[in-house]
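Colleague: Can we go through this one together? I'd like to start with the charged pairs and then look at helix packing.

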Amino acid sequence: MMKLLQKQQEFFKSQQTKEVSFRKKALKKLREEITNREDAICDAIYADFKKPKFESMAAETQFVLAELNYIIKKLNIWSKPEKVSGSLLNFPSSDWIYKEPYGTVLIVAPWNYPFQLAIAPLIGAIAAGNTAIIKPSEITPNTSKIIFEIITAVFKKEYVAVVEGGVEVSKELLAQKWDYIFFTGSTRVGKIFYESAAKHLTPITLELGGKNPCIVDETAATKLSAKRIVWGKFLNAGQTCIATDYILVHKDVKERLINSLKKSIEEFYGKNIEESKDYARTVNSSHFNTLQQMLVGQEIIFGGYSNENDNYLSPTLVNEPKLDSKLMEGEIFGPILPIISYSTESDIDKYLMNYGKPLAVYVFSKNKKFKEKIIDSYSFGGGAINDTVIQITNKRLPFGGVGKSGIGAYHGKTSFNIFSHQKAIIKRVNWLDIPLRYPPYSLPKKIVKKIKHLF
Ligand code: NAD
């Protein structure tokens, strides 16, 4: 492992990754390999937890290909030194921001979007001119293997490499000195990464989880709201970092919303959901059991069916869970949707303030003032009004958390920027040298007090 990192450090020093044409060639090769193996990638993800093929294509392979297309197209412009206006103090000068790669990057990925969350950060790292080592999740071994195969086929390992393995391998990687770390996963493990990065003062992006509320007020279009909530929640069997974790619904529309939620679930997945090809499984028995524990003592008003042989848990609605129950302790990350009613806005406040800053907040409402108030009053990663999850699909929007849900953001230009150091350079000329700044200082105080206008 040490050797691999050393090789990457040496390769970075060779300056080859500084050439934009080199980076673009690398990204194009990656795009070609992913395009050619798209079916095999989706099959691997299916083998891991029966993620429906449509979901794998839309949210993993096509998502990553869109990112590749966009970044390849824009890279020439983004990577050019950026000129800024000079200040009078330095007149005459030309002033620049150079985009400099950090060096060797470590990317550690989770299992829920096992392909996308390993490759999307890599695209940014390559675009910015870094070398990279990816550690995919051990919990999705088929996807981990195909990521290894793809990267090995496209890149020399001194440029981009994959190290497969679990927590021990991850710890070993983390103990090395990196130039940048990009971690996606739980808040618990995110803290371990932050602490380790601090030892070497390594800059780090943390893409973490959270307990995402979805607020439905009394003006919401309940039928359409239900459809969009159900889609975003039960996609990937609820194992999406930005899925709705719990619904806060105004008491006057609660019954209507619940009826619509039930109808939408049946419309999407049929009466026998276990047979539906469009519904994924929970990732393994350990996660399945955690979810079962969350249901103990709860009032299940829809679903709750399971099959432990297949880690199957049906879309499940829970009525008014207690705040101190297991279900409401932390992130659910599965197909269980608690529904909590509220009467006043201060009830909403109580819930939203209880869990730290979430990765996403959703609001279903026709009340403009209310929608803007939620956006303005609370801090959270991002979100949507009258929809869920779709904020991740616009490559022009940064994606990331805040506070407990993460540090930093990526996607599109933001990805290029986070993997680049912004190097400030002022270029001077020799034909003019105003001597006023040199000792012995002789400017009268009255004039010195005006220097602020020259910066
Ligand atoms: P996790 O934190 O358990 O694992 C993530 C990665 O860290 C894995 O590769 C794992 O091998 C490694 N790891 C685990 N324990 C470690 C340790 N003690 N030391 C070093 N490395 C360790 O997360 P997970 O279960 O794979 O993923 C689910 C979590 O990820 C959820 O909380 C979810 O919200 C979050 N998530 C966030 C985003 C986002 O973009 N913000 C996206 C997907 C998932």
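Colleague: E149 first. Buried, exposed or partly exposed?

Modeller: Partly exposed, at 29% relative accessibility. Bear in mind that this is a predicted model.

Colleague: What does E149 form a salt bridge with?

Modeller: With K145, and the closest N and O atoms are 3.3 Å apart. K145 is partly exposed, at 48%.

Colleague: How far apart are E149 and K145 in helix 6?

Modeller: They are four residues apart, so about one helical turn separates them.

Colleague: How many salt bridges turn up in the whole structure?

Modeller: The search finds 18. One of them pairs E266 with K271, at 3.2 Å between the closest N and O atoms. E266 is partly exposed at 33%, whereas K271 is exposed at 73%. As for networks, E33, R37, K145 and E149 are joined into one by salt bridges that share partners.

Colleague: And K251, which residue does its side chain meet in a salt bridge?

Modeller: D252, with 3.4 Å from N to O. K251 has a relative accessible area of 47%, so it counts as partly exposed, and D252 is exposed at 53%.

Colleague: Back to helix 6. At what angle do the axes of helix 2 and helix 6 cross?

Modeller: Roughly 135°, and the axes come within 10 Å. The two helices are therefore oblique to each other. Helix 2 passes helix 6 in a right-handed crossing.

Colleague: Which residues meet there?

Modeller: From helix 2, A26, K29, L30 and E33; from helix 6, I150, I151, A153 and V154. By class, that contact has six nonpolar, no polar and two charged residues.

Colleague: What about helix 4 and helix 5, at what angle do they pack?

Modeller: About 10°, with the axes 9 Å apart. That makes helix 4 roughly parallel to helix 5, because angles under 35 degrees count as such. The helix 4 side of the contact includes F63, V64, L68 and I71, and the helix 5 side includes I119, A120 and I123. The contact residues divide into ten nonpolar, one polar and two charged.

Colleague: Switching topic to serines. Where is S420, and is it buried or exposed?

Modeller: S420 is in strand 18, residues 420–428. It is buried, with a relative accessible area of 3%. Beyond its sequence neighbours up to four places away, S420 touches K99, E100, Y102 and A128.

Colleague: And S225, buried or exposed?

Modeller: Buried, with a relative accessible area of 3%. S225 sits in helix 9 and, leaving aside neighbours within four places in sequence, contacts A220 and F364.

Key. Residues numbered from 1 in each chain as written. Predicted model: local features only at pLDDT ≥ 70, side-chain atom pairs only at ≥ 80, totals over all residues. Heavy atoms only, no water. Buried < 20%, exposed > 50% of the residue type's maximum accessible area, 1.4 Å probe, protein only. Contact = heavy atoms within 4.5 Å. Axes fitted to C-alpha atoms, helices over the stretch in contact; angles between N-to-C directions. Parallel < 35°, antiparallel > 145°, perpendicular 65-115°, else oblique. Left-handed = near helix turned anticlockwise from the far one by under 90°. Nonpolar A, V, L, I, M, F, W, Y, C, P; charged D, E, K, R; others polar. Salt bridge = Lys/Arg side-chain N within 4 Å of Asp/Glu carboxyl O.
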